[in-house]
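Biologist: Please show me the model. I want to ask how each label is earned.

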Amino acid sequence: MPRRVLIWLVILLLGPPFLRAQEFRVGAGVFLLAERGQDFQISLRPAASPWQVGFRHVQWRDHFNDPFTGRRLTETTETRSGPLVNYLFSPQSPGSWYLGGAVFRWSKREESLMTGEVSRAATTAPFIGGGYTRVLGRHGYFNLGLYLSPGAELSTKTSVSSEDDSGAFDIQIQLGARF
(Lines give C-alpha, C1' and ligand atoms only; values in the text may rest on other atoms or scores of the structure.)
Protein backbone atom coordinates (compact mmCIF):
# COMPACT_ATOMS: atom_id res chain seq x y z
CA MET A 1 0.00 0.00 0.00
CA PRO A 2 1.49 3.40 -0.94
CA ARG A 3 2.54 5.60 1.97
CA ARG A 4 0.14 8.41 1.02
CA VAL A 5 -2.85 6.02 1.02
CA LEU A 6 -1.80 4.66 4.42
CA ILE A 7 -1.53 8.17 5.89
CA TRP A 8 -5.02 9.09 4.66
CA LEU A 9 -6.42 5.82 6.01
CA VAL A 10 -4.96 6.56 9.45
CA ILE A 11 -6.36 10.12 9.36
CA LEU A 12 -9.84 8.85 8.45
CA LEU A 13 -9.78 6.19 11.17
CA LEU A 14 -8.46 8.53 13.85
CA GLY A 15 -10.44 11.59 12.72
CA PRO A 16 -13.53 11.02 14.90
CA PRO A 17 -11.51 10.54 18.14
CA PHE A 18 -9.60 13.75 17.38
CA LEU A 19 -12.88 15.62 17.04
CA ARG A 20 -14.22 14.19 20.34
CA ALA A 21 -10.96 14.62 22.23
CA GLN A 22 -10.99 16.70 25.37
CA GLU A 23 -7.46 17.74 24.58
CA PHE A 24 -5.35 17.71 21.42
CA ARG A 25 -1.64 18.62 21.70
CA VAL A 26 1.00 19.55 19.16
CA GLY A 27 4.51 19.99 20.52
CA ALA A 28 8.08 20.62 19.49
CA GLY A 29 11.07 19.48 21.45
CA VAL A 30 14.65 20.25 22.30
CA PHE A 31 16.12 18.15 19.46
CA LEU A 32 15.06 20.94 17.07
CA LEU A 33 18.21 22.67 18.34
CA ALA A 34 20.46 19.83 17.13
CA GLU A 35 22.06 19.90 13.70
CA ARG A 36 19.29 19.04 11.22
CA GLY A 37 17.14 18.28 14.22
CA GLN A 38 13.48 17.36 14.19
CA ASP A 39 11.43 16.79 17.34
CA PHE A 40 7.63 16.70 17.06
CA GLN A 41 4.87 15.03 19.00
CA ILE A 42 1.10 15.03 18.64
CA SER A 43 -1.29 13.52 21.15
CA LEU A 44 -4.92 13.41 22.13
CA ARG A 45 -6.80 12.54 25.28
CA PRO A 46 -10.49 11.61 25.15
CA ALA A 47 -12.85 13.40 27.53
CA ALA A 48 -12.75 12.10 31.13
CA SER A 49 -9.95 9.67 30.34
CA PRO A 50 -6.51 9.36 31.94
CA TRP A 51 -5.17 7.83 28.69
CA GLN A 52 -3.27 9.96 26.20
CA VAL A 53 -2.29 8.50 22.81
CA GLY A 54 -0.01 10.05 20.24
CA PHE A 55 2.80 9.86 17.75
CA ARG A 56 6.42 11.00 18.16
CA HIS A 57 9.12 11.74 15.60
CA VAL A 58 12.66 12.75 16.56
CA GLN A 59 15.79 12.98 14.41
CA TRP A 60 19.28 14.43 14.86
CA ARG A 61 22.69 14.36 13.23
CA ASP A 62 26.03 13.91 14.95
CA HIS A 63 29.68 13.79 13.90
CA PHE A 64 32.68 11.77 15.02
CA ASN A 65 36.01 13.57 14.80
CA ASP A 66 39.52 12.14 14.76
CA PRO A 67 40.79 12.75 18.32
CA PHE A 68 44.29 13.71 17.10
CA THR A 69 43.60 15.95 14.11
CA GLY A 70 40.04 17.12 14.83
CA ARG A 71 39.04 16.18 11.26
CA ARG A 72 35.49 14.90 10.84
CA LEU A 73 35.47 11.19 10.06
CA THR A 74 31.80 10.21 10.08
CA GLU A 75 28.35 11.74 10.06
CA THR A 76 25.56 9.84 11.81
CA THR A 77 21.82 10.51 11.53
CA GLU A 78 19.47 8.84 14.03
CA THR A 79 15.69 8.74 13.77
CA ARG A 80 12.98 7.44 16.09
CA SER A 81 9.31 7.50 15.13
CA GLY A 82 6.21 5.73 16.35
CA PRO A 83 3.05 5.60 18.45
CA LEU A 84 2.99 6.18 22.18
CA VAL A 85 0.50 5.92 25.02
CA ASN A 86 0.61 7.56 28.46
CA TYR A 87 -1.42 7.05 31.62
CA LEU A 88 -1.88 10.37 33.47
CA PHE A 89 -2.17 10.01 37.25
CA SER A 90 -4.02 13.35 37.68
CA PRO A 91 -5.70 14.02 34.31
CA GLN A 92 -7.97 16.81 35.59
CA SER A 93 -5.13 18.73 37.31
CA PRO A 94 -3.00 21.38 35.60
CA GLY A 95 0.04 19.11 36.04
CA SER A 96 0.32 15.34 36.12
CA TRP A 97 2.96 12.63 36.42
CA TYR A 98 2.53 9.83 33.90
CA LEU A 99 3.75 6.38 32.93
CA GLY A 100 3.94 5.44 29.30
CA GLY A 101 5.04 3.15 26.56
CA ALA A 102 5.96 3.52 22.91
CA VAL A 103 6.97 1.43 19.93
CA PHE A 104 9.55 3.32 17.91
CA ARG A 105 11.13 2.53 14.59
CA TRP A 106 14.76 3.34 15.39
CA SER A 107 17.09 3.83 12.45
CA LYS A 108 20.65 4.99 12.04
CA ARG A 109 22.61 6.07 8.97
CA GLU A 110 26.37 6.40 9.32
CA GLU A 111 28.46 7.86 6.50
CA SER A 112 32.24 7.90 6.25
CA LEU A 113 33.24 11.41 5.20
CA MET A 114 36.58 10.05 3.99
CA THR A 115 35.33 7.31 1.64
CA GLY A 116 31.64 8.08 1.13
CA GLU A 117 30.73 4.61 2.39
CA VAL A 118 27.28 4.41 4.06
CA SER A 119 26.04 1.93 6.65
CA ARG A 120 22.38 1.71 7.62
CA ALA A 121 20.61 -0.19 10.38
CA ALA A 122 17.07 -0.16 11.77
CA THR A 123 14.96 -1.95 14.34
CA THR A 124 11.54 -1.64 15.93
CA ALA A 125 11.77 -1.52 19.72
CA PRO A 126 9.45 -1.03 22.69
CA PHE A 127 10.25 1.89 25.00
CA ILE A 128 8.87 2.34 28.53
CA GLY A 129 9.11 5.34 30.80
CA GLY A 130 7.30 8.30 32.18
CA GLY A 131 7.51 11.93 33.07
CA TYR A 132 5.65 15.05 34.02
CA THR A 133 3.39 17.27 31.92
CA ARG A 134 1.77 20.59 32.82
CA VAL A 135 -0.49 23.07 31.07
CA LEU A 136 0.71 26.64 30.57
CA GLY A 137 -2.22 29.02 30.43
CA ARG A 138 -5.19 28.13 28.26
CA HIS A 139 -3.39 26.87 25.16
CA GLY A 140 0.14 25.85 26.10
CA TYR A 141 1.88 22.94 27.78
CA PHE A 142 5.28 21.51 28.56
CA ASN A 143 6.37 17.90 28.84
CA LEU A 144 9.43 16.34 30.47
CA GLY A 145 9.85 12.62 29.97
CA LEU A 146 12.32 9.78 29.69
CA TYR A 147 11.67 6.48 27.90
CA LEU A 148 14.09 3.53 27.96
CA SER A 149 14.54 0.47 25.77
CA PRO A 150 17.16 -1.67 27.52
CA GLY A 151 16.97 -4.57 25.05
CA ALA A 152 17.21 -2.61 21.79
CA GLU A 153 20.35 -3.14 19.71
CA LEU A 154 21.60 -1.39 16.61
CA SER A 155 24.98 -1.63 14.83
CA THR A 156 26.55 0.28 11.97
CA LYS A 157 30.02 -0.15 10.48
CA THR A 158 32.07 1.71 7.91
CA SER A 159 35.75 1.37 6.99
CA VAL A 160 36.70 4.15 9.44
CA SER A 161 34.29 3.51 12.32
CA SER A 162 31.73 1.24 13.87
CA GLU A 163 28.96 1.86 16.36
CA ASP A 164 27.22 -0.76 18.49
CA ASP A 165 24.27 0.50 20.52
CA SER A 166 22.96 -1.78 23.22
CA GLY A 167 19.93 -0.15 24.76
CA ALA A 168 18.41 3.21 23.91
CA PHE A 169 16.71 6.14 25.58
CA ASP A 170 14.38 8.89 24.41
CA ILE A 171 14.49 12.25 26.19
CA GLN A 172 11.34 14.33 25.81
CA ILE A 173 11.63 18.04 26.58
CA GLN A 174 8.81 19.77 24.74
CA LEU A 175 6.75 22.94 24.56
CA GLY A 176 3.55 23.02 22.60
CA ALA A 177 0.02 24.12 21.98
CA ARG A 178 -3.11 22.42 23.29
CA PHE A 179 -6.63 22.69 21.93
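**Labels and their cut-offs**

Modeller: The chain holds one helix and eight strands. In sequence order the pattern is α-β-β-β-β-β-β-β-β. This is a predicted model, in which local features need pLDDT of at least 70, side-chain atom pairs count only at pLDDT 80 or more, and totals for chains, interfaces and linings use all residues. Residues are numbered from 1 along each chain as its sequence is written, and side-chain values use heavy atoms, with hydrogens and water left out.

Biologist: What makes a run of residues a helix or a strand?

Modeller: Both are DSSP runs, numbered from the N terminus: a helix is H or I with at least four residues, a strand is E with at least two. Strand 1, for example, covers 21–29, and strand 2 covers 38–46.

Biologist: Why is Glu23 called buried or exposed?

Modeller: Buried means under 20% relative accessible area, exposed means over 50%, and partly exposed lies in between (1.4 Å probe, protein chains only). Glu23 has 6%, so it is buried. This residue lies in strand 1. Of the 179 residues of the chain, 41% count as buried.

Biologist: And why is Ala48 called buried or exposed?

Modeller: Its relative accessible area is 68%, so Ala48 is exposed. Ala48 is in the loop between strand 2 and strand 3 (51–65). Its phi is positive, about 60°, although it is not a glycine. Arg36 also has a positive phi, near 50°. Arg36 sits in the loop between strand 1 and strand 2. With a relative accessible area of 59%, Arg36 is exposed.

Biologist: How do you know that strand 2 and strand 3 pair?

Modeller: Two strands pair if DSSP finds at least two bridges between them. Strand 2 and strand 3 have seven, so they pair. They run antiparallel. One of the partnerships is Ile42 with Phe55. The two strands form a hairpin with four residues between them.

Biologist: How many bridges join strand 3 to strand 4?

Modeller: There are 15, and strand 4 (residues 72–88) runs antiparallel to strand 3. Val53 stands opposite Val85. This hairpin has six residues between its strands, and Gly70 in the turn has a positive phi of about 80°.

Biologist: What makes the link between Glu23 and Arg25 a polar contact?

Modeller: A polar contact is a pair of N or O atoms within 3.5 Å; within protein, one must be able to donate a hydrogen and the other to accept it, and residues adjacent in sequence count only if both atoms are side-chain atoms. The side chains of Glu23 and Arg25 are joined at 3.0 Å, so the distance passes. Glu110 and Ser161 are joined through their side chains at 2.4 Å.

Biologist: Why is Arg25 said to sit over the ring of Tyr141?

Modeller: A charge sits over a ring if NZ of Lys or CZ of Arg is within 6 Å of the ring centre and within 35 degrees of the ring normal. The charged end of Arg25 is 4.4 Å from the centre, so it meets the distance limit.

Biologist: What makes two aromatic rings a pair?

Modeller: Rings of Phe, Tyr and Trp (its six-membered ring) pair if their centres lie within 6.5 Å; planes under 30 degrees apart count as stacked, over 60 as edge-to-face and the rest as tilted. By this rule there are seven aromatic pairs. Ring pairs link Trp51, Tyr87 and Phe89 into a cluster.
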